[in-house]
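Reader: Please take a close look at a single part of this structure, beginning with backbone geometry and the exposure of residues, and then set that part in the context of the whole chain. A connected account would serve me better than a list.

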Amino acid sequence: MKKHRFTFAPVFVLLAVIAAALLACSGRGKTQAAGELRYGIATEPKTLDPLDPSNTADGRSILFNVFEGLVKPDTDGRMQPCTAESWTVEDGGLAYNFTLREGVRFHDGSILNSADVRFTLDTAASAGFQGFTQIAEIETPDDRSVRVILNEPDPEFLPYIAVGIVKAGNPDRKKNVIGTGPYFIESYTSQRSLVLRRFESYWNPVDTTAKETPQGTRAVPLEKVTIVFMADSNAMVLGLKGGGIDGATLTGAWMKQLDPEKFYIVPGFSASVQLLALNNAHKPLDDLRVRTAINYGVDIHEIIAAAFQGEGTPSGSPLIPGLADYYEQSLALTYPVDRERARDLLAEAGYGENQKLSLEITVPSNYTMHVDTAQVIA
């Protein structure tokens with residue numbers, strides 16, 4: 001961890017939230033035309049078990065293609081039916097009744113049933129997954145029916161159970177990786193690569209008809225995806241330029257090193273929200289006037305321009321704008337830059353020329369975006 005100690009005049013700092021846009025850069029390589037893709041990722045999965053809460057973000061993104069829950073979020077964050085074809089909510093939100101799809105197969109060919117769902121939910125609860133402590137009872141009246149009864153209503157319960165369903169009785173989920181997703185893990189070599197292969201018996205088969213893309217090429221379903229673990233963004237850029245990988249996820253500064261005539265640059269929201277977290281129990285941050293002054297003191301757009309090369313969006317909350325059902329646009333305008341107001345609030349709290357405000361920001365030194373953000377705040 002890297003610590004930055006900054007001494008502020010009464011004018012400064014910030015409690016601002018930024019939703020940074022990642023840029024997926026894919027080269028126009030031959031492997032895409034053959035239905036194969038080599039994709040660079042910075043960190044490998046900590047585990048291949050979807051019921052292990054210690055996994056990395058990159059690990060979860062890989063397993064999203066291998067495992068599925070009763071429901072699954074779409075690109076706007078809305079929960080859609082997945083292994084459950086439908087559900088109803090009863091008793092004022094205390095009971096959820098799920099009907100499983102008929103004929104959903106695990107990668108070993110066996111059929112998903114309610115016992116697998118019950119085993120998954122019980123295991124997730126034992127592992128301490130958020131939201132699962134609300135479950136009071138799970139009933140499985142038949143192979144395709146699951147009834148979940150809660151201790152008290154929880155409006156966030158449905159997103160929680162998007163957790164990947166595993167096969168009941170699998171003795172080693174970390175090595176014997178069996179899900180119901182559109183891809184299965186064909187091979188995994190630690191610190192090198194992980195290979196995903198399209199599951200031919202997937203319950204929701206893709207359209208195999210090649211379609212025209214906006215770039216004028218023919219898109220085909222990927223038969224194989226090789227995830228290449230690369231040390232850092234510089235290695236990914238070199239891999240893209242040299243043809244060792246076909247795609248990678250990069251932030252703005254690295255993306256600008258790629259020629260748009262040779263690569264498709266596809267912008268998209270990441271799930272990353274940059275914020276300065278304040279300890280409200282610690283002086284002087286226990287004073288609301290100080291915290292409000294911090295919000296008024298720093299220009300979020302300045303941070304986006306300097307730390308993210310302009311590729312970001314003010315959020316105003318811990319949610320990204322891509323979560324259409326939950327994001328509230330008006331919050332982004334709650335604290336416009338007003339340094340005179342910040343000065344007045346800090347003066348009311350006792351800070352001025354004779355008593356300056358001093359804060360310390362701690363950020364992980366291996367993430368350039370966090371370090372750059374802290375430097376702009378200073």
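Author: A residue is called exposed when its relative accessible area is over 50%, buried when that value is under 20%, and partly exposed in between. The model under discussion is predicted.

By that cut-off, Gln191 is exposed, because its relative accessible area is 64%. Gln191 sits in the loop that runs between strand S10 (183-189) and strand S11 (193-198). Its phi is positive, about 70°, although the residue is not a glycine. Asp91 offers a second instance: its phi is near 55°, again a positive value in a residue other than glycine. Asp91 is found in the loop between strand S6 (84-90) and strand S7 (95-100). With 52% relative accessibility, Asp91 counts as exposed. Such values deserve notice because most residues other than glycine have a negative phi, and most peptide bonds are trans.

The peptide bond leads to the part I propose to examine closely, helix H7. Lys283 and Pro284 are joined by a cis peptide bond, with omega about 0°. Pro284 belongs to the loop between strand S16 (263-275) and H7.

Helix H7 spans residues 288-297, and eight of its ten residues are buried, so the helix is largely enclosed by the rest of the structure. The buried residues of H7 are Val290, Arg291, Thr292, Ala293, Ile294, Asn295, Tyr296 and Gly297. They pack against two elements, helix H9 (339-348) and strand S18 (357-363).

Arg289 also lies in helix H7. Its relative accessibility is 32%, and Arg289 therefore counts as partly exposed. Leaving aside neighbours within four places in sequence, Arg289 is in contact with Leu345, Glu348 and Ala349. The C-alpha atoms of Arg289 and Leu346 are separated by 6.6 Å, while the two residues are 57 apart along the chain.

The surroundings of H7 can now be related to the nonpolar cores. The largest nonpolar core has 45 residues, and those with the most contacts inside it are Phe98, Phe132 and Ile161. A second, separate core of twelve residues includes Ala293, Ile294, Ala349 and Leu359. Two of those names have already appeared among the buried residues of H7, namely Ala293 and Ile294, and Ala349 has appeared as a contact of Arg289. In the largest core, Ile161 is in contact with Gly69, Leu70, Val71, Phe98, Leu121 and Phe132, again leaving aside neighbours within four places in sequence. As a general matter, nonpolar side chains tend to be buried together in soluble globular proteins.

The second largest pocket holds about 290 Å³ of space. It is lined by 15 residues, of which Glu68, Lys72, Pro182, Tyr202 and Asn204 are the closest to its centre. Strand S4 (71-73) and strand S5 (79-81) each supply at least two residues of that lining. By character, the lining of this pocket divides into nine nonpolar, three polar and three charged residues.

Finally, the chain as a whole. Its secondary structure comes to ten helices and 18 strands. Of its 378 residues, 43% are buried. Among contacts between residues at least 6 apart in sequence, 68% join residues at least 24 apart. The chain exposes about 19,200 Å², and carbon and sulfur atoms supply 50% of that area.

Definitions and conventions
Residues numbered from 1 in each chain as written. Predicted model: local features only at pLDDT ≥ 70, side-chain atom pairs only at ≥ 80, totals over all residues. Heavy atoms only, no water. Core = buried A, V, L, I, M, F, W, Y, C linked by side-chain atoms within 4.5 Å. Buried < 20%, exposed > 50% of the residue type's maximum accessible area, 1.4 Å probe, protein only. Contact = heavy atoms within 4.5 Å. Helix = DSSP H or I, 4+ residues; strand = E, 2+ residues; numbered from the N terminus. Areas by Shrake-Rupley, 256 points an atom, 1.4 Å probe, with all protein chains shown as cover. 1 Å grid on protein atoms, 1.4 Å probe; cavity = no way out; pocket = protein on both sides within 12 Å on 5 of 7 lines; lining within 4 Å. Points joined across faces, edges and corners; volume = space filled by probe spheres on them. Nonpolar A, V, L, I, M, F, W, Y, C, P; charged D, E, K, R; others polar.
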